[in-house]
Amino acid sequence: MEPWVTRSELDRAPEGRLEDAAVEAMWRHRAARVIGVDERSNISSDQTGNALRPIAPEGGYDPEQHYLVGTVAGAPWFAVPAATQGPSASLRQLGGVLEETEADIATTAVALVNWHRVAPFCGQCGTRTLVREGGHMRWCPGCDRQRFPRTDPAVIVAILDEAGRLLLGHHTGWEDTRVSILAGFVEAGESLEAAVRREIREESGLELSAVRYVGSQPWPFPRSLMLGFVARAIGDEIRVDGTEIEWANFYSQSEVTRLVDAGELTLPMRSSIASRIVAAWRTGDLTI
Ligand SMILES: [Zn+2]
């Protein structure tokens with residue numbers, strides 16, 4: 001499995017968003033599209049819940065409320081914090097069914113709206129900050145600092161044993177049959193490689209030999225970036241922590257198929273990077 005290539009056609013317009021006047025012109029563009037994101041991070045969707053339901057911009061451009069996601073084939077897309085009218089769906093639902101460009105738009109819209117909701121004040125001096133660069137930066141008039149959206153990195157790891165079996169673990173608090181590969185947040189001052197080894201040691205007692213990066217997924221709930229890895233375990237003696245992970249086992253591909261078909265195992269939901277990694281392993285595409 002090679003690191004993933006994105007096929008999104010979203011152009012984030014890093015140059016075009018620097019001046020308010022340029023962003024305002026995009027708001028007035030006849031092909032401009034607006035996506036509403038409500039307080040629960042739900043997004044305007046069509047009746048089926050399988051596609052976005054953008055509307056045309058209404059009223060004048062307000063830099064504090066109208067965030068430029070980017071352009072697609074020349075058409076500007078904006079995100080606005082809004083009570084969604086009509087059908088809406090969560091990014092978790094939509095993420096598994098949207099095509100790649102719409103998924104990119106939806107994820108960016110949710111990430112921007114979530115950030116502006118929680119970051120109105122300067123963390124340094126407490127002054128209320130102002131939105132700049134089409135919603136990709138907040139500027140503090142009190143101390144002249146620029147504030148950018150914060151992303152919290154987390155690692156998610158497919159661990160294989162010598163036989164190529166995959167480690168799947170069950171979190172305390174999950175429904176009985178649900179399992180996934182193991183994950184955890186990167187700590188302050190820690191490298192991704194160190195985070196992978198620490199998290200896996202904590203949650204499963206396993207030490208790792210090879211570790212390889214496979215791909216990433218933004219996960220704006222509220223602001224994570226999931227970084228996917230595949231790793232080889234040294235031995236197969238599992239000691240779960242019992243607090244976060246209740247149980248974990250190595251499974252062969254045929255065992256997973258049999259247990260999923262029997263309803264005894266439930267794999268990660270389709271929109272997640274965990275699902276994509278597990279699917280790659282099931283088809284023999286995830287190796288180390
Ligand atoms: Zn400040």
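**A friendly note on a two-domain predicted model**

1. Let's start with a pair of strands: β9 and β11 are joined in the antiparallel sense by four bridges. One place to see this is I156, which stands opposite A183 in β11. Here, two strands count as paired if DSSP finds at least two bridges between them. Helices (H or I, at least four residues) and strands (E, at least two) are DSSP runs, numbered from the N terminus.

2. A word on what you are looking at. This is a predicted model, in which local features need pLDDT of at least 70 and side-chain atom pairs count only at pLDDT 80 or more, while totals for chains, interfaces and linings use all residues. Residues are numbered from 1 along each chain as its sequence is written.

3. Now for the overall picture. The chain has 288 residues, and 34% of them count as buried. A residue is buried if 20 or more other C-beta atoms lie within 10 Å of its own, exposed if 12 or fewer, and partly exposed in between, with C-beta atoms placed from the backbone. Six helices and 14 strands make up the secondary structure. Taken along the principal axes, the C-alpha atoms fill a box of roughly 60 × 45 × 35 Å.

4. How is the chain divided? The domain assignment gives domain 1 (20–147) and domain 2 (152–282); such bounds come from an automatic or database assignment. Over C-alpha atoms, the centres of domain 1 and domain 2 are separated by 32 Å.

5. The two domains do touch: eight residues of domain 1 are in contact with seven residues of domain 2. Contact here means that the C-beta atoms of two residues, placed from the backbone, lie within 7 Å. On the domain 1 side, the elements giving two or more residues are α2 (91–95) and α3 (100–118), and α3 gives the most, with five residues. By type, this side of domain 1 has three nonpolar residues, four polar and one charged. In that count Ala, Val, Leu, Ile, Met, Phe, Trp, Tyr, Cys and Pro are nonpolar, Asp, Glu, Lys and Arg are charged, and the others, Gly among them, are polar.

6. Back to β9, which also pairs with β13: these two strands run parallel and are joined by nine bridges. In β13, V230 stands opposite A158, and R232 stands opposite L160. β13 is joined to β12 as well, this time antiparallel and through ten bridges; one bridge sets Y213 against F229 of β13. A hairpin of four residues leads from β12 to β13.

7. Which element gives the largest share of the largest nonpolar core? That is β9, with six residues. This core has 35 residues, and V155, V157, A158, I159, I181 and I277 have the most contacts inside it. A nonpolar core is a set of buried Ala, Val, Leu, Ile, Met, Phe, Trp, Tyr and Cys residues joined through C-beta atoms within 7 Å. Other elements giving two or more residues to it include α4 (192–204), β12 (207–219), β13 (224–234) and α6 (273–282).

8. V155 is a good residue to click on. Not counting residues up to four places away in sequence, V155 touches A183, G184, V186, L192, A195, V196, E199, L227 and F229. There is also a second, separate core of 29 residues, which includes V34, L52, V69 and A79.

9. A smaller feature to look for is an open sheet of three strands in the order β6-β7-β8, with antiparallel pairing. Its edge strands, β6 (130–132) and β8 (146–147), each pair on one side only. Three bridges link β6 to β7 (residues 137–139), and L130 has W139 of β7 as its bridge partner.

10. Finally, is S8 buried or partly exposed? S8 counts as partly exposed because 17 other C-beta atoms lie within 10 Å. S8 is found in the segment before α1 (20–28). Leaving aside neighbours within four places in sequence, S8 is in contact with E100, T101 and D104. S8 and E102 are 94 residues apart along the chain, with 7.9 Å between their C-alpha atoms. Across the chain, among contacts between residues at least 6 apart in sequence, 65% join residues at least 24 apart.
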